[in-house]
Amino acid sequence: MTTCMTTYYGLNNNRNTNRIMLLVLIATIPGLIAQYYSCGWGNLIQIFISINVALIAEAIILYLRHYPILKTLQDNSALLTAVLLGVSIPALSPWWVITIGTLFAIIIAKQLYGGLGNNPFNPAMAAYIMLLISFPVQMTTWYSLHGVKNIQPSFASTLEIIIHPKTQTNLNQTKKKLLDIDSITQATPLDHFKTSLHEGFRTNQILSQPIYNNMLIYSPSWQCINASFLLGGIFLLITRVIRWHIPLAFLTSLAICSSIGWFFSSDHLLPPLAHLFSGSTMLGAFFISTDPVTSATTNQGRLVYAALIGFLTWLIRSYGGYPDGLAFAVLLANMCVPIIDYYTKPRVYGHYTKRIL
C-alpha cells in the first residue's frame with residue numbers, strides 16, 4: 001500500500017504512508033483555525049472525540065483480525081479520517097453523533113473491506129452521508145459566533161453542550177444560555193439559499209435580492225474557512241503530496257456548471273463564487289476527492305473523476321434535496337472509478353491492434 005500511495009503522489013520511495021498522511025493533517029491546520037474562529041471550540045472537541053474513537057475501534061478490529069496494531073495505527077489513516085469527519089459535522093452536535101459516524105467510517109466503510117487500500121468509498125464521506133440521512137436535525141444545525149455578545153464561548157461551556165445533549169428544544173435554550181448566542185444559522189449559506197429557493201417554488205415566486213444579501217451576511221465566515229482550506233491545499237500541491245489534476249478539474253467543472261446555470265437562470269441558481277467559497281468546496285477539492293485509495297489512478301482518469309464530482313456537486317446543490325451535495329458526489333464518483341480507470345488506462349508498451357483482413 002505504501003508503494004501504491006507513493007506512486008500515486010509521485011513522491012520518492014522513502015516517503016511512506018505515515019509521512020503522507022501527516023503532511024495532509026498539517027495542511028488542515030489553517031482550516032481548523034478558521035473553523036475555530038467561526039464556530040468556537042466545537043469542531044476541535046468533535047475531532048478529539050473522533051480521534052479517540054477511531055484509534056480504539058481500529059485497534060480492536062486489527063486485534064480481531066490478528067494484524068499488528070501499533071504498526072498499522074502508525075500509518076495515520078484512521079487519524080486523518082477522524083479529522084476530516086470532525087470538521088465536516090456541526091460544531092455543537094451531540095457526542096454520540098460523531099461517535100456513531102466514526103465507528104461507521106472505521107469499521108464499516110474501511111475495515112469491513114479489508115482496511116486501508118481496499119475500501120472503495122471514502123470512509124469519512126460515507127460516514128457523513130450515513131449521519132446526514134439518519135440524524136438530519138443534528139447534522140444541519142450550525143451555531144454562528146457572529147451573534148455572540150462580546151464574549152468567546154468557553155471550552156467548558158462548549159464541552160457541556162456536546163457531552164450532555166437534551167431534546168432539540170431544550171438544547172437550543174441551553175446553548176443560548178451558555179453561549180449567550182443571539183443568532184442561529186443553518187448549515188451554510190447554501191442551506192439558507194436552498195430553504196429560500198424551496199419557499200419560492202412553493203409560493204411560485206422568483207427569488208428576491210434580499211435573499212442574496214442575507215447570504216452575504218452569513219458568507220464571510222464560510223469564505224474564510226474555504227480560503228483557509230485552499231491555503232492548505234496549496235501547501236499540499238507545493239510539497240507534491242497531491243497532484244493538480246483532481247483539484248483543478250473539480251473546481252473548473254464546478255465553476256463552469258455554475259456559470260452556465262447562473263447565466264440561464266440567475267433567479268433560481270447560485271453564482272459561481274457562492275459555489276466555490278461556500279460549504280465544503282475547498283475541503284472537498286484538496287482533502288476529500290484526492291484520496292488516493294478511492295480516486296482514479298491515471299492522470300486522464302483523475303480529470304474525468306474530478307470533473308464528474310464537480311458536475312454532481314453543482315447538480316445536487318441546485319436541484320437536489322440537500323444544500324451541499326459534495327459527499328454524495330464523491331461517493332457516486334467512487335462508484336465510477338473502476339470504469340473510469342478501465343477506459344483511461346495507458347496503452348501497454350508493445351501493444352498492437354491486429355488488423356482484420
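## Helix α6 and the second largest cavity

In this predicted model, helices α6 and α7 are oblique to each other, a term for angles outside the classes roughly parallel (under 35 degrees), roughly antiparallel (over 145) and roughly perpendicular (65 to 115). The crossing of α6 and α7 is right-handed, that is, the near helix is turned clockwise from the far one by less than a right angle. Helix α6 (residues 77-88) packs against helix α7 (residues 95-108) at about 140 degrees, with axes 10 Å apart.

At this contact (heavy atoms within 4.5 Å), A78, T81, L85 and G86 of α6 meet I98, G101, T102, A105 and I106 of α7. These residues comprise 5 nonpolar, 4 polar and no charged, with Gly counted as polar.

The whole structure holds 5 cavities of 30 Å³ or more, a cavity being a set of points on a 1 Å grid where a 1.4 Å probe fits but cannot get out, lined by residues with an atom within 4 Å of a point. The second largest has a volume of about 250 Å³, and among its 21 lining residues M21, L80, L84, N122 and D291 are the closest to its centre. Helix α6 gives the most to this lining, with 4 residues, while α2 (17-27), α8 (123-134) and α16 (281-288) each supply at least two.

| Lining class, second largest cavity | Count |
|---|---|
| nonpolar | 14 residues |
| polar | 5 residues |
| charged | 2 residues |

Residues are numbered from 1 along each chain as its sequence is written. Because the model is predicted, local features need pLDDT of at least 70 and side-chain atom pairs count only at pLDDT 80 or more, whereas totals for chains, interfaces and linings use all residues, and side-chain values use heavy atoms, without hydrogens and water.

Note on methods. Axes are lines fitted to C-alpha atoms, for helices over the stretch in contact, and angles run from 0 to 180 degrees between N-to-C directions. On a 1 Å grid over the protein atoms alone, a cavity is a set of points where a 1.4 Å probe fits but cannot get out, and a pocket is an open set with protein on both sides within 12 Å along at least five of seven lines; lining residues have an atom within 4 Å of a point. Grid points are joined across faces, edges and corners, and a volume is the space filled by probe spheres set on the points.
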